Amino acid sequence: MSTQIRTQISNSILLAIVINIVYAKAIGVTQGAIARQVGADMWIVTILSILFALLMMWVVVIIIKRTPEKNILEQSKVLFGAWGEKIFSALFFLFFLGAYGGVMITIVYHLMDYFLPDVPTAIFIIATTGVGLYGLSKGIEVIGRFAVLGLFSISILNILILFGSLDNFHVHHFFPVMQNNLWSNLQATSHHNSDWAMAILMVAILLPMVKQKEKWNKYTQKSVLIGGGLILMWPLLQVGTLSPEVTGQYIISCMQMARSAEIGLFVHRYELIMIVFFSISALVQVMSCLICASISAKHVVGAKNINKLYIPTALLLGGFGYWIVDDHMRAMHYLEDYWPILSMSIIIGITVLVLLFGTIFKRKLVQRKGK
Amino acid sequence: MQLEEKLEQDFFSCLQQNVTEIESILGSPSDLVKRDFTIVEQVNLDASLLYIDGLADSDVIENTILRPLLTNEMNESITALSSEQIKQVLTKKGLQVPSISIVANFNDGIDAILAGNALLFVDQYKQAFSLSVQGWETRGIEEPQSDTVLRGPRDGFVESIRTNTALVRRRIRDPRFRIQSMQIGKRSKTDIAITYIEGLVREDLVDEVLQRLNNIEIDAVLESNYIEELIDDSPTSPFLTVQGTERPDKIAAGMYEGKVAIFVDNTPFVLIVPTHFWTFFQTSDDYYTHYTTASYFRFIRYIAFIISLTLPSFFVMLVSFHQEMIPTQLALTIAAGREIVPLPVLIEALLMETAFELMREAGIRMPKPIGQAVSIVGSLVVGQAAVDAGIVSPIMVIVVATTGIASFAIPDYLASVSIRLIRFPILIASGFLGLLGFATTFVLLVIHAISLRSFGEPYMAPYFPFNSRDRQDTMIRKPFWAIETRPADVKGNEQRAGKNQKPSPNKRRKTRYKR
């Protein structure tokens, strides 16, 4: 793998993908879950999660920089042998399978609950996974370019919601600040941390494809800060406009805010336009999950040609997504109770193990560098 | 003997045998002219001149070939000369044709005759002389039909490749202007030329163009679209990745930006590669009017593009699935208009779109005065009658008409047609699945467009991938004094203009008027 010519993407493209993979779920579904747990402190929780992401992203860049031509799965092969690679890859696949459930919850409930209540769930899953598969077939370079469009859409979306919400913004909704203790707030970060985990593990896989390794750290940190800033605007507006109590009442809290947004007397009910912009970012999430899951599957089965794994991977992820999304209660239990624990265990477990073993067996890594 | 075998033969030393064989190969056509004469009286050396009437200029043949040969005496020692030496004698004896070349076999001889040259056979010589006397009726240079401008040059390409290359050369007096010619088409043997400016063009781009052209195997090339379809990066895509134009100024401008032009004989449409998506929204007079005006016009064209692509789909999606998104008063107006319409809104839209396409096609194909009448009758009478009959709603007529007008605002006709084509899948998906259908088909389309390349360059550049420097002449046109560099893909990234070109009044000069 390492001797093959890899597709190369720029640091800016990686930045765009990172922001897109986090954004769609983080602004609505995640904020609703956080609001239910910590109320008005949801914006503080979001900031704490951004700090967690900065730290983890830094750790991942350190790990990959030790063998810049190898992704974390290939590095794990050097450190733990072929079976170690397979186990790590299986965990990665499991992670992106689980993440896909969250992504599907985000997309399907946005569209189904607010726009198309009569359309069967399977149609949503087939349509979005089909588009993701098409993007996947075009490769990471095209997904990256599409993510640039997604970044543009996110900016427009943020501007639209900002203008549409400021009239009803009330500062008193924020008080008392830190109504929960720091430990409760830290516990609540697991919801948003699981969003950032998607971006961090994706970076751990894609980073060797990124040009100019001396800029990796700068751009990954930048991506967390910009992405975090774009996301942070939402809990601030949700607390200030909807109030944390109302935010917590909805699965898709951002959609409720979009529905109440209006600009002046004539421009109201423009959530349809916002959802079109949102869908671009959400579909980048779908494509990113599919590509990372496919790469993980390739390492699990030891396949030479990744293209053959695209359809089986999409079927597995789509099937799981359907099973999760088909039942609202199941979806909510999964998202709030199981997924944060699973995702945190995988991301912290894997990165800490690879970091520690990489430090202990540094000589082994240096010897195998470039091989 | 098969025709191929006859063509592979070398000429015979017997004049009559050569002439008979040529007539046999060509099937003794009525337009093949044969002039027999004697060129050295002392030995009565027979000669014969063959050419195709209509392809060769008979006046030129008379004045520059026959008259000098028949009036200037030649020494009988000519019979002892070689073909090359005879060629020099013929030149000295006053043949005033632009070029004489020696051909040795029937294949080359036939090619020369069919290309409009005259073939001179001299008895006892196993070689013939191809004399350049091409001359056929051509259309004069006129204003292009498809790329019209309000301000700017009015000359357009014609059907002659040589005239076309000359029209571009007039605009590029650079010694690094390069032209490479070839013939494509086993039977048509169409002349093709590629032109570029050395030092600006990427060498690998020229190699790529030449390689793709050389790989073409086809019997005939009648128009540049034959070449376009055979060198396209994505032949199955509805998007055009090669641009064709009738305007020499557009080709010259492209060459100054490091592009390669492909000229095809017998067509006024010249191709330019690589092509980016945004170039289809640019016109020549964007550069001949003030930059603010040009940028405004471009903005209007992009609006037209969005309307043309999405308006009917958006309308169908809103009316069929998301009525709550329409402002109440407008929703009531639409509902009142649709009250007596028996068809679902998707069928209504498809019906109107089909009717519009019929009128457009009929208007183009019919003679101009009748075509205009069809358009007017179609749009006014049939539209009004359809509304009165309750088949379609008035607002649907407005939507389809606005979409149609918007598509005509896209300067490149073929690009506008491709946009009209791709809006149908979006329309149908929106009609069946509402927002989900609209979003998924739109995203599929965007991913497809982003994945395209034109001769190695991303089709959607400089936005996807993003290149801030090249944006100076895409969505908007910056003033010439602000565009100092050529596009990033130009070899060497040479400066296009000097620094600090922004004009300003000379502050040092004293004014005549005192305050």
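Here is a guided walk through this structure, which is a predicted model.

Let us begin where the two chains meet. Chain A and chain B each give 27 residues to the contact. Together they bury about 2,400 Å², and 82% of that area lies on carbon and sulfur atoms. If you sort the residues on chain B's side of this contact by class, you find 20 nonpolar, five polar and two charged ones. Which elements of chain B give two or more residues to that side? They are helix 10 (291-320) and helix 15 (413-451). Helix 15 of chain B gives the most, with 14 residues.

A few polar links also cross the interface. Three residue pairs are in polar contact there, and one salt bridge is found. In that salt bridge Arg453(B) pairs with Glu141(A), and the closest N and O atoms are 3.3 Å apart.

Now step back and look at chain B as a whole. Its domain assignment gives domain 1 (3-131), domain 2 (161-275) and domain 3 (291-458). The centres of domain 1 and domain 3 of chain B, taken over C-alpha atoms, are separated by 62 Å.

Next, visit two residues of chain B. Phe442(B) sits in helix 15 of chain B. Is Phe442(B) buried or partly exposed? Its relative accessible area is 22%, and buried means under 20%, so Phe442(B) counts as partly exposed. Beyond its neighbours within four places in sequence, Phe442(B) is in contact with Leu309(B), Thr310(B) and Ile426(B). Arg298(B), in helix 10 of chain B, is a buried residue because its relative accessibility is 0%. The side chain of Arg298(B) reaches the backbone oxygen of Ile476(B) at 3.5 Å. Leaving out residues up to four places away in sequence, Arg298(B) touches several others, including Phe281(B), Asp286(B), Tyr287(B) and Asp473(B).

Salt bridges give us another trail to follow, with a count of 32 over all chains. One of them joins Lys250(B) and Asp147(B), at 3.8 Å from N to O. This pair links distant parts of the chain: Lys250(B) is in helix 9 (residues 248-256) of chain B, while Asp147(B) is in the loop between strand 5 (128-131) and helix 6 (161-169), 103 residues apart. Both Lys250(B) and Asp147(B) are buried.

Another salt bridge pairs Arg212(B) with Asp233(B), where the closest N and O atoms are 2.9 Å apart. Here the partners differ in how covered they are: Arg212(B) counts as buried at 17% relative accessibility, whereas Asp233(B) counts as partly exposed at 28%.

Back in helix 15 of chain B, Arg420(B) forms a salt bridge with Glu357(B), their closest N and O atoms being 3.2 Å apart. Glu357(B) belongs to helix 12 (residues 345-365) of chain B, and the two partners are 63 residues apart. Arg420(B) is buried at 2% relative accessibility, and Glu357(B) is buried at 16%. This pair is part of a network of salt bridges that also links Glu353(B), Arg360(B), Glu361(B), Arg365(B) and Arg423(B).

Finally, turn to chain A and its helix 2 (residues 29-38). This helix is mostly covered, with eight of its ten residues buried. Among the buried ones are Val29(A), Gly32(A), Ile34(A) and Val38(A). Just after helix 2 of chain A, Gly39(A) takes a positive phi of about 65°.

Technical notes. Residues numbered from 1 in each chain as written. Chains lettered and ligands numbered in written order. Predicted model: local features only at pLDDT ≥ 70, side-chain atom pairs only at ≥ 80, totals over all residues. Heavy atoms only, no water. Contact = heavy atoms within 4.5 Å. Buried area = accessible area lost by both parts, 1.4 Å probe. Salt bridge = Lys/Arg side-chain N within 4 Å of Asp/Glu carboxyl O. Polar contact = N/O pair within 3.5 Å; in protein donor to acceptor, adjacent residues only side chain to side chain. Helix = DSSP H or I, 4+ residues; strand = E, 2+ residues; numbered from the N terminus. Nonpolar A, V, L, I, M, F, W, Y, C, P; charged D, E, K, R; others polar. Domains from an automatic or database assignment. Buried < 20%, exposed > 50% of the residue type's maximum accessible area, 1.4 Å probe, protein only.
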